[in-house]
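Welcome! Let us take a friendly walk through a protein model, one feature at a time. Keep the picture open beside you as you read.

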Amino acid sequence: VLIPYWKEFANAIVHWSEYHAGEATLQVVIRRIETPDAVLDVLCPAIKRSKVRAFGIVSDGHSRPCKLDEFIVDMIHSNHEVTTVGFHSVVLSNEEWKTICDAIRARDVGKTSTMELSQFHECFVDGISDEALKDILTSNAVWVSLGGNGMSSREASIIAEFLNSNPPLARLSLKN
């Protein structure tokens with residue numbers, strides 16, 4: 001898994017945050033790289049201490065289960081610099097997505113900071129379930145992007161009901 005390289009990367013994130021960030025922020029996107037639990041264990045302390053504004057995982061190729069949901073929840077709870085989380089082709093269970101959405105919602109309730117963007121692209125192999133859609137929509141993110149999740153007119157009533165509740169949502173993207 002090349003743990004020494006992940007440790008070096010984690011140290012670099014912390015170093016940048018402590019000595020170079022100033023008013024700048026960092027975006028960390030892990031693209032097409034396997035992220036087993038050992039990697040998440042190395043990255044977690046660094047992400048918690050850093051000035052990472054956006055964190056995403058794109059098609060990591062790792063078969064689940066793992067503790068990605070725990071990692072994301074811990075990051076959301078402990079690093080209030082993070083205002084964007086994104087996932088593309090990362091498939092988790094509905095319960096794991098619910099756990100992540102609950103963390104976003106809880107942080108907004110505490111008004112410590114608002115999650116500006118939550119992206120879930122191509123994360124639901126057989127189409128997004130009603131429960132998962134409701135959890136994502138009610139997470140209180142300002143912008144929700146749900147591209148490529150096999151949605152159809154079946155989800156229209158759930159989306160309409162949500163929008164009628166006057167949510168804090170400013171932007172909803174439903175491409176593909």
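## A pair on one helix

Arginine 105 and aspartate 102 sit three residues apart in helix α4 (residues 94-109), which is about one turn of the helix. Before we go on, note that this is a predicted model. The side chains of arginine 105 and aspartate 102 meet in a salt bridge, with 2.5 Å from N to O. Side chains of opposite charge can pair when their charged atoms come close.

Aspartate 102 is partly exposed, because its relative accessible area of 29% falls between the 20% and 50% cut-offs. Which residues are linked with Asp102 in a network of salt bridges? They are Lys98 and Arg105.

## Bridges between distant parts

How many salt bridges does the structure hold? The count is seven. One of them joins the side chains of glutamate 18 and arginine 49, at 2.6 Å from N to O. This pair links distant parts of the chain, as glutamate 18 belongs to helix α1 (residues 3-19) and arginine 49 to helix α2 (residues 37-49), 31 residues apart. Glutamate 18 has 44% relative accessibility and so counts as partly exposed. Arginine 49 has 54% relative accessibility, so it counts as exposed.

Another salt bridge is formed by aspartate 41 and lysine 67, whose closest N and O atoms are 2.6 Å apart. Aspartate 41 lies in helix α2 and lysine 67 in the loop between β2 (52-58) and α3 (68-78), so the pair ties together parts that are 26 residues apart in sequence. Both partners are partly exposed: aspartate 41 has 42% relative accessibility, and lysine 67 has a relative accessible area of 26%.

## An enclosed strand

Now find strand β2. Is β2 largely enclosed or open? Six of its seven residues are buried, so β2 is largely enclosed by the rest of the structure.

Strand β1 (residues 26-31) pairs with β2 in the parallel sense, over six bridges. In this pairing, leucine 26 has valine 52 of β2 as its bridge partner. To get from β1 to β2, the chain passes through α2, and this β-α-β crossover is right-handed. β2 also pairs with strand β3 (residues 84-88), again in the parallel sense, over five bridges. Here glycine 56 stands opposite glycine 86 in β3.

## Helix α2 and its kink

Helix α2 has appeared several times, so let us look at it directly. It has 13 residues and reaches 19 Å from its first C-alpha to its last, close to the 18 Å expected at 1.5 Å a residue. Where in α2 does a kink lie? It lies at leucine 43, shortly before proline 45, and amounts to about 35°.

Several residues of α2 are buried, among them Val39, Leu40, Val42 and Leu43. Cys44, Ala46 and Ile47 are buried in α2 too. What covers the buried residues of α2 includes α1, β1, β2 and α3.

## A buried alanine in a loop

Alanine 141 is found in the loop between α5 (130-137) and β5 (143-145). Is alanine 141 buried or exposed? With 3% relative accessibility, which is under the 20% cut-off, alanine 141 counts as buried.

Which residues touch alanine 141, leaving aside its neighbours within four places in sequence? Alanine 141 is in contact with Met115, Ser118 and Leu169. You can also compare positions along the chain with positions in space: alanine 141 and threonine 83 are 58 residues apart in sequence and 9.0 Å apart in space, C-alpha to C-alpha.

## Two positive phi angles

Most residues other than glycine have a negative phi. Serine 89 has a phi near 60°, a positive value in a residue other than glycine. Serine 89 lies in the loop between β3 and α4, and it is partly exposed, with a relative accessible area of 26%.

Asparagine 140 also has a positive phi, near 75°, and is a residue other than glycine. Where is asparagine 140 found? Its place is the loop between α5 and β5, where alanine 141 is found too.

Definitions and conventions: Residues are numbered from 1 along each chain as its sequence is written. This is a predicted model: local features need pLDDT of at least 70, side-chain atom pairs count only at pLDDT 80 or more; totals for chains, interfaces and linings use all residues. Side-chain values use heavy atoms; hydrogens and water are left out. A salt bridge is a side-chain nitrogen of Lys or Arg within 4 Å of a carboxyl oxygen of Asp or Glu. Helices (H or I, at least four residues) and strands (E, at least two) are DSSP runs, numbered from the N terminus. Buried means under 20% relative accessible area, exposed over 50%, partly exposed in between (1.4 Å probe, protein chains only). Two strands pair if DSSP finds at least two bridges between them. A crossover is right-handed if, with the strands pointing away from the viewer, the path from the first strand over the helix to the second runs clockwise. The expected span of a helix is 1.5 Å times one less than its number of residues. The bend at a residue is the angle between axes fitted to the seven residues ending there and the seven starting there. Contact means heavy atoms within 4.5 Å.
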